[in-house]
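This report describes the interior packing, one helix and selected backbone features of a single protein chain.

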Amino acid sequence: MKTLTSLLLVACSVTAHAQLFEDPDKILALGKDSVIQLAVAQLEKSGFTEIDPARFDWLKVRTNGQEIQVIFDRSIQYFPRDTFVIHTAAVEIMYGDAGWEPRGIENDPPESRKFYSYTANDKKNLDFVMAHIHTAPGSRLIINESEDYYSVSEITQYWETGFKVEKLTGNVKDKWHAQSGAGSGKIDDGFKEVDW
């Protein structure tokens, strides 16, 4: 979650505006769907196209009482070789700030500012990786394609595991573990998910 929150602070691409709304409680009173639509509108102003909130299984609305964040994310992120990919974005509703995390090809051409859609080949590759690994419920997976293997990071609230899955055999190798976050794995940034 620290990474997602930092998108608003240190994003690779950011748009900034003067404060758009005065009272976060009035915005939250509109309901989850309306708050998400405000975030979609801000992403569209930032140049995004084809935004479908249903494509994000980690779509969160968070507040600290002063600000409202909407985070668009996926629990499984696949990064094919030599491809420009955006899986994650965050919008701060009160000021209309938007940040996103581009990965892959170095440049960010305007025509590519859309969330990545998996191709049939991507889905085949994901199925292959998933058939050869075991994951914890609720974990987040980041899968990067290399020439001969898939590099996989599995992230939970308390730990992170990484390993490689060979493309030809499906063998898992080079496994490592690390603790996530500070102590309990929870980072207290003052924001809490809104309980609708």
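I68 touches P24, I27, L28, V35, V61, R62, T63, V91, E92, I93 and M94, leaving aside residues up to four places away in sequence; contact here means heavy atoms within 4.5 Å. This is a predicted model, in which local features need pLDDT of at least 70 and side-chain atom pairs count only at pLDDT 80 or more, while totals for chains, interfaces and linings use all residues. Residues are numbered from 1 along each chain as its sequence is written, and side-chain values use heavy atoms, with hydrogens and water left out.

I68 is also one of the residues with the most contacts inside the largest nonpolar core, together with L43, V61, V70, F72, I93 and F115. That core has 25 residues. A nonpolar core is a set of buried Ala, Val, Leu, Ile, Met, Phe, Trp, Tyr and Cys residues joined through side-chain atoms within 4.5 Å; buried means under 20% relative accessible area, exposed over 50%, and partly exposed in between, with a 1.4 Å probe and protein chains only. Two or more residues of this core come from each of α2 (24-28), α3, β2 (58-63), β3 (68-73), β5 and β6 (97-103). Helix α3 supplies the largest share, 5 residues. A second, separate core of 10 residues includes Y78, L126, Y150 and V152.

Helix α3 comprises the 14 residues 32-45, which should span 20 Å at 1.5 Å a residue, and its end C-alpha atoms are indeed 20 Å apart. The expected span is 1.5 Å times one less than the number of residues. V35, I36, A39, V40, Q42 and L43 are the buried residues of α3. Seen down the helix axis, these buried residues fall within an arc of 160° and therefore line one face of α3, the arc being that of the directions from the axis to the C-beta atoms. An α-helix has 3.6 residues a turn, so residues three or four places apart point the same way. The exposed residues D33 and K45 sit on the face of α3 turned away from its buried side. Just after α3, G47 adopts a positive phi of about 100°.

Most residues other than glycine have a negative phi. Two non-glycine residues with a positive phi are compared below.

| Residue | Phi | Location | Relative accessible area |
|---|---|---|---|
| E50 | near 55° | loop between α3 and β2 | 52%, exposed |
| D82 | about 50° | loop between β4 (76-79) and β5 | 67%, exposed |

Strand β5 (residues 85-92) contains T88, which counts as buried at 1% relative accessibility. The T88 side chain makes polar contacts with the side chain of D73 at 2.8 Å and with the side chain of Q77 at 2.9 Å. A polar contact is a pair of N or O atoms within 3.5 Å; within protein, one must be able to donate a hydrogen and the other to accept it, and residues adjacent in sequence count only if both atoms are side-chain atoms.

For the chain as a whole, there are 4 helices and 11 strands; helices (H or I, at least four residues) and strands (E, at least two) are DSSP runs, numbered from the N terminus. Of its 196 residues, 41% count as buried. Among contacts between residues at least 6 apart in sequence, 55% join residues at least 24 apart. The chain exposes about 10700 Å², of which carbon and sulfur atoms supply 50%; accessible areas come from the Shrake-Rupley method with a 1.4 Å probe, and for residues only the protein chains shown count as cover.
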